[in-house]
Amino acid sequence: MRDKLFINGEWHLPLKGGRFPVVNPATEEIIADAPAGTAEDINTAVRAARVAFDHGPWPKLSGRERAGYLRAMAARIEERTQDLARLEVLDNGKPLPEAVWDIEDTAGCFRFYADLAEELDANPEEVIPLGDDRFSSRVVREPVGVAGAIIPWNYPLLMAAWKVAPALAAGCTMVLKPSELTPLTALELGAIAEDAGLPAGVLNIVTGLGPEAGQPLSEHPGIDKLAFTGSVPTGSRIMAAAARDIKNVSLELGGKSPFVVFADSDIDKAVEWIMFGIFWNQGEVCSATSRVLVEESLYPALLTRLVEETKKISIGNGLDDGTLLGPLVSKGQYDKIHAMIERGVSGGARIATGGKRPEGLQKGYFLEPTILTDMSEDNIVWREEIFGPVVCVKPFRDETDAIRMANDSRFGLAAAVMSDDLDRCERVARAFKAGIVWINCSQPTFTEAPWGGYKQSGIGRELGKWGLSNYLEVKQITAFDKNETWGWYLK
C-alpha cells in the first residue's frame, strides 16, 4: 500500500506530515495509515499540473501518442486486477466478484478513451458552412487545461477512471482527490501512471480530508475545470466555489431513482432486477432504483416474492466466497442509514424485512437488506437518498399515476420501467425526467453511453464521447479569404 502523495511524477510525504486511518468496514480494523494532504500539497500539485500543461509536452502530443500512455495504463490495471480488487474490498467492503468487475471496467475505460484520443487526430477540425463566401470558418477542439477531480468512495478506482481517462485523452493535466474513506486504489493509480511512463505533472494524486484537501482544490485559481461526483450539498459548495472564478464544472450528484413495474411483467424477472437495482454494491450507488412502483394488481404477489428472495441474500465479508452483500463503507454511513430507517418508520413506513444488523455479525458495518412499505409520498425515506441497501415499494393505479409518482422528485439521475408492452415502455421512458432510463432492467452501465442526470442530480455528462467533451474547449477560427480591402471605413 502506498503511503505518500503522488505529485509531479514523484512520491512525497504531506508537507504538514499528517496521516489518517483507513478502516476495513468488514472488521472495523485499521488497515492503513494514509497521507493527509492539505492546501499546501494541493497547491504543489496544481503548480505541477499547471507547468505540465502550460510548458510540458502533454497537450501538444498527438492523440495517438496520448493513447499509447492510456493503453499502457489499461494493461497495467488489467495485469493487477486481482490485487487491486482485493485492495478495493479491504477499503470499501464490496464483494470480491463485484470489485473484480469494477477493475475490469476501469481498464476498459482507459482503452475506450485511448480510442477516442486517436479519433481526435482523425477529425482535428470541423469546417463550418457560412452564408458569406468571402469568409471560411472552422472549429477546433482544445484541452480545457488543468482539471481538478473529486471522487466518491462507492467505486473508488472506477470513478477515478471516469475522470482521469477522458481528461488525459483530451490533453488535460489533472489533480485527483479521492475520498478519505477509500484512498488506497487511487494511490495505486499513481504507481500505474509511473509504470506507464506518464510525463511528470500530468496526473497528481492528493489524498486527504474534504475540508483540508477537497475544498482547497475546488477553490484553487490554478484549476480550469472541476469534475465532482458525490452528494448534492457538497456539489452545491463546489459549484459556488467554481462560480467565483467562472470555472468549467461538471457534477454527478445524488439520486432517488424510480423503477416502475407494470402488472404484465414476469415476477421472476422483476424481482431479479429490483434486487440488482438496489442491493448491488450494498445500495451505495447514486443511480440505485430505490423507489419501486408496482401496479396494484401485481403488488401483493411481487412484494411477497421480493421479501422472500431478499431474505436469502448472503451477507458477510466481501472476501468470503458466496457473499452477495458486504458491509456499508463506514460507521458514519451505517449510523446515517439506521437513523433514516428509524425516521421513516416513525413517519408511518413499515419494515417488510431487514432494517437491523444481521445475526452473527457483531463486528463490521453490516445491515440486512431492507424493504420498506406503506410510507406516504412525503415520508423522508421515499423522498431522500439513503445510499444503502434500502428499497421503498409502493403500489400505483395506472400509467399516468406511475409517471406522476416517478417524476415527483428533486432528483433526476435514472429511472427504469418494466413491462411486456414495449410501446408502453417507450412512452414511459420518454415521460421520465431523468438522464438515464432503463427498459426491462436496472443499472447496466456502459462506457460508450452518456451518464448524468436532470434537476439536482447534476450538470453535464460523463462517459462516451460526452465524457471527452467535458475536457475540451471549442474554438472558432474564421478567416477573410478575399484579397481585397474590407471597405467599411477605408473607401
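## Pockets, rings and cysteines in a predicted model

In the second largest pocket, the lining divides by class into 14 nonpolar, 5 polar and 4 charged residues. The model in which this pocket is found is a predicted one. The space in the second largest pocket is about 500 Å³, and its lining is made of 23 residues. Nearest the centre of the second largest pocket lie Asp105, Leu158, Gln443, Pro444 and Thr445. Three elements each give two or more residues to this lining: α4 (96-122), α5 (156-170) and α9 (267-279). Of the elements, α4 gives the most, with 4 residues.

The largest pocket holds about 980 Å³ of space. Its lining counts 38 residues, and those nearest the centre are Phe228, Gly230, Ser231, Thr234 and Arg237. The elements that give two or more residues to the lining of the largest pocket are the helices α7 (210-219), α8 (232-245) and α11 (331-346), together with the strand β10 (225-229). Sorted by class, the residues lining the largest pocket are 17 nonpolar, 13 polar and 8 charged.

The aromatic rings come next. A pair of such rings is described by how far apart the centres are and by the angle between the planes. The count for this structure is 14 aromatic pairs. One pair is formed by phenylalanine 6 and tryptophan 11, whose ring centres are 4.9 Å apart and whose planes meet at 50°, so the pair is tilted. Tilted is the term here because 50° falls neither under 30 degrees, which would be stacked, nor over 60, which would be edge-to-face. Phenylalanine 6 is buried, at a relative accessible area of 4%, while tryptophan 11 is partly exposed at 22%. The two fall into separate classes because buried requires a value under 20%.

Another aromatic pair joins phenylalanine 480 and tryptophan 486, with 5.7 Å from centre to centre and 85° between the planes. This pair is edge-to-face, because its angle is over 60 degrees. Phenylalanine 480 has a relative accessible area of 32% and is partly exposed. Tryptophan 486 is also partly exposed, at 48%, because exposed would require a value over 50%.

Ring pairs can also link several residues. Trp101, Trp273, Phe276 and Trp280 are joined in this way into a cluster.

Some rings have a charged side chain over them. The charged end of arginine 424 lies over the ring of phenylalanine 262, at 4.1 Å from the ring centre. Lysine 394 is placed over the face of tryptophan 382, 5.9 Å from the centre of that ring; the cut-off for such a contact is within 6 Å.

The cysteines remain. A disulfide is a covalent bond that joins the sulfur atoms of two cysteines. The structure holds 0 disulfides. Why is cysteine 172 without a bond to cysteine 109? Cysteine 109 has the cysteine sulfur closest to that of cysteine 172, but the distance is 15 Å, too far for a bond. For cysteine 392, the closest cysteine sulfur is in cysteine 286, at 17 Å, which is again too far for a bond. Both distances fail because a disulfide needs the sulfur atoms within 2.5 Å. Cysteine 172 is buried, with 0% relative accessible area, and cysteine 392 is buried at 0% as well.

Technical notes. Residues are numbered from 1 along each chain as its sequence is written. This is a predicted model: local features need pLDDT of at least 70, side-chain atom pairs count only at pLDDT 80 or more; totals for chains, interfaces and linings use all residues. Side-chain values use heavy atoms; hydrogens and water are left out. Rings of Phe, Tyr and Trp (its six-membered ring) pair if their centres lie within 6.5 Å; planes under 30 degrees apart count as stacked, over 60 as edge-to-face and the rest as tilted. Buried means under 20% relative accessible area, exposed over 50%, partly exposed in between (1.4 Å probe, protein chains only). A charge sits over a ring if NZ of Lys or CZ of Arg is within 6 Å of the ring centre and within 35 degrees of the ring normal. On a 1 Å grid over the protein atoms alone, a cavity is a set of points where a 1.4 Å probe fits but cannot get out, and a pocket is an open set with protein on both sides within 12 Å along at least five of seven lines; lining residues have an atom within 4 Å of a point. Grid points are joined across faces, edges and corners, and a volume is the space filled by probe spheres set on the points. Ala, Val, Leu, Ile, Met, Phe, Trp, Tyr, Cys and Pro count as nonpolar, Asp, Glu, Lys and Arg as charged, and the others, Gly among them, as polar.
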